[in-house]
Amino acid sequence: MKKKIIIGSRGSILALAQSEMIKEKLKKNFPELEFEIKKIVTSGDKDLVSNWNNSNASLKSFFTKEIEIELLEGSIDLAVHSMKDMPILSPKGLICGAIPEREDQRDVLISKSGKTLMELPTGAIVGTSSLRRTMNLKNLRPDLVVKQLRGNIHTRLNKLQTEDYDAILLAAAGLKRVGLENEITEYLDPKTFLPAPAQGVLHIQCRENDEEIKNILKSIHREEVEKVVIIEREFSKIFDGGCHTPMGCYSELNGDMVTFYGVYFQGEKGYTANITKELNEGVRVAQTLADYIKEKINE
């Protein structure tokens, strides 16, 4: 049995915070083992600006490819990814070994003035690079001005203070994981400002044939989160979801039932619906909701 387990991670502050969190969970469950994080620079980290205009699939692989190569070659034993960065299919030989507990899936507003989204004055400048967030924003406050904003969490927070922005939009999960929860002005209602599919979820990747690591990862896997992720990613797939697709969804669990909310924007209009189904219905939940939304679009 291995004594040292190497965890592969991107080198960003958020990625390292997420990997450290997984490392601590595993150390608690397996105190006899040593866990070490290895920083791996991905293409996306080297050159985010020019990669931004690539297709959704290739954009996602820019944040995972180099890590997956090291995993396949055996220089790391597992990798911690944000589920949002992961293509639907893993490369041959790799699997998702665990989906741990989900962090807050909501989006948040951080404003210079401390004003909430509905309190911002007409013409206020809000920063985001997400088309989904842009469309959600226009749906609720068409009088606001959206200005492109890119970079990691710390870069975006710095730009809010030093550049021409009145507020910015970010994911609650990232801020909480890097200890910046106190920066949040307002948590946005996920039923009206719908998050990205699988927002706040981590994907722990390992080799398909590595039984030892698979058994270790079982200790942090949460089956109910996996079931929700399957529904959300199916909804994304139906609407060709990616970084440039204006759609979002939100899952609310109540025992073995899930209330699933979805939105798809076509042109300037958002089409929303929600349904309550048994969680075990899986992809059928997403398919049913998508059918309702498509009917609204075609009316």
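This is a short walk through one structure, with something to select at each stop.

Before you start, note that the model is predicted: local features need pLDDT of at least 70, side-chain atom pairs count only at pLDDT 80 or more, and totals for chains, interfaces and linings use all residues. Residues are numbered from 1 along each chain as its sequence is written, and side-chain values use heavy atoms, with hydrogens and water left out.

**Stop 1: a three-stranded sheet**

Select residues 247-254 and 269-278, which are β11 and β13, and add 257-266, which is β12. Helices (H or I, at least four residues) and strands (E, at least two) are DSSP runs, numbered from the N terminus. Together these 3 strands form an open, antiparallel sheet in the order β11-β12-β13. Why is one side of β11 and of β13 left without a neighbour in the sheet? Both stand at the edges with a single partner strand each, so one side of each has no neighbour there. Averaged over neighbouring strands and ignoring direction, the turn between them is 15 degrees. Angles like the ones on this tour run from 0 to 180 degrees between N-to-C directions, with axes fitted as lines to C-alpha atoms, for helices over the stretch in contact.

Strands of a sheet pair through backbone hydrogen bonds, either parallel or antiparallel. Here two strands count as paired if DSSP finds at least two bridges between them. Between β11 and β12 there are 8 bridges. To see two of the partnerships, pick M247 with Y264, then C249 with G262. Now look at the hairpin of these strands, where 2 residues lie between them and G255 takes a positive phi near 65 degrees.

**Stop 2: two helices on that sheet**

Show residues 131-140, helix α6, which lies across β11 and β12 at about 85 degrees to β12. Then add residues 223-238, helix α10, which packs on the sheet and touches β11 and β12; its direction makes about 155 degrees with that of β11. Contact means heavy atoms within 4.5 Å.

**Stop 3: along α6**

Begin at the start of the helix, where a side-chain oxygen of S130 comes to within 3.3 Å of the backbone nitrogen of R132. Which residues of α6 are buried? They are R132, R133, T134, M135, N136 and L137. Buried means under 20% relative accessible area, exposed over 50%, and partly exposed in between (1.4 Å probe, protein chains only). Their cover includes β5 (107-111), β6 (125-127), β7 (145-147), β8 (167-171), β11 and β12.

Zoom in on R133, a residue of α6. R133 is buried, at 7% relative accessible area. The side chain of R133 makes a polar contact with the side chain of D107 at 2.9 Å. A polar contact is a pair of N or O atoms within 3.5 Å; within protein, one must be able to donate a hydrogen and the other to accept it, and residues adjacent in sequence count only if both atoms are side-chain atoms. Setting aside residues up to four places away in sequence, R133 also touches others, including K84, L169 and F193.

**Stop 4: a five-stranded sheet**

Next, colour the strands β7-β6-β8-β5-β9, which in that order form an open sheet of 5 strands with mixed pairing. The edge strands are β7 and β9, each pairing on one side only. Helix α6 packs on this sheet as well, touching β5, β6, β7 and β8, and its direction makes about 125 degrees with that of β8. Add residues 153-162 for helix α7, which lies across β5 and β8 and runs at about 170 degrees to β8.

At the β9 edge, β5 and β9 pair in the antiparallel sense over 2 bridges, and V108 has Y187 as its bridge partner in β9. Select E186, also in β9. The side chain of E186 reaches the backbone nitrogen of L117 at 2.7 Å. Leaving aside neighbours within four places in sequence, the contacts of E186 include D107 and T116.

**Stop 5: a loop residue**

Follow the chain into the loop between β9 (186-187) and β10 (202-207), where you will find A198. Phi of A198 is near 65 degrees, a positive value in a residue other than glycine. Is A198 buried or exposed? A198 counts as buried, at 1% relative accessibility.
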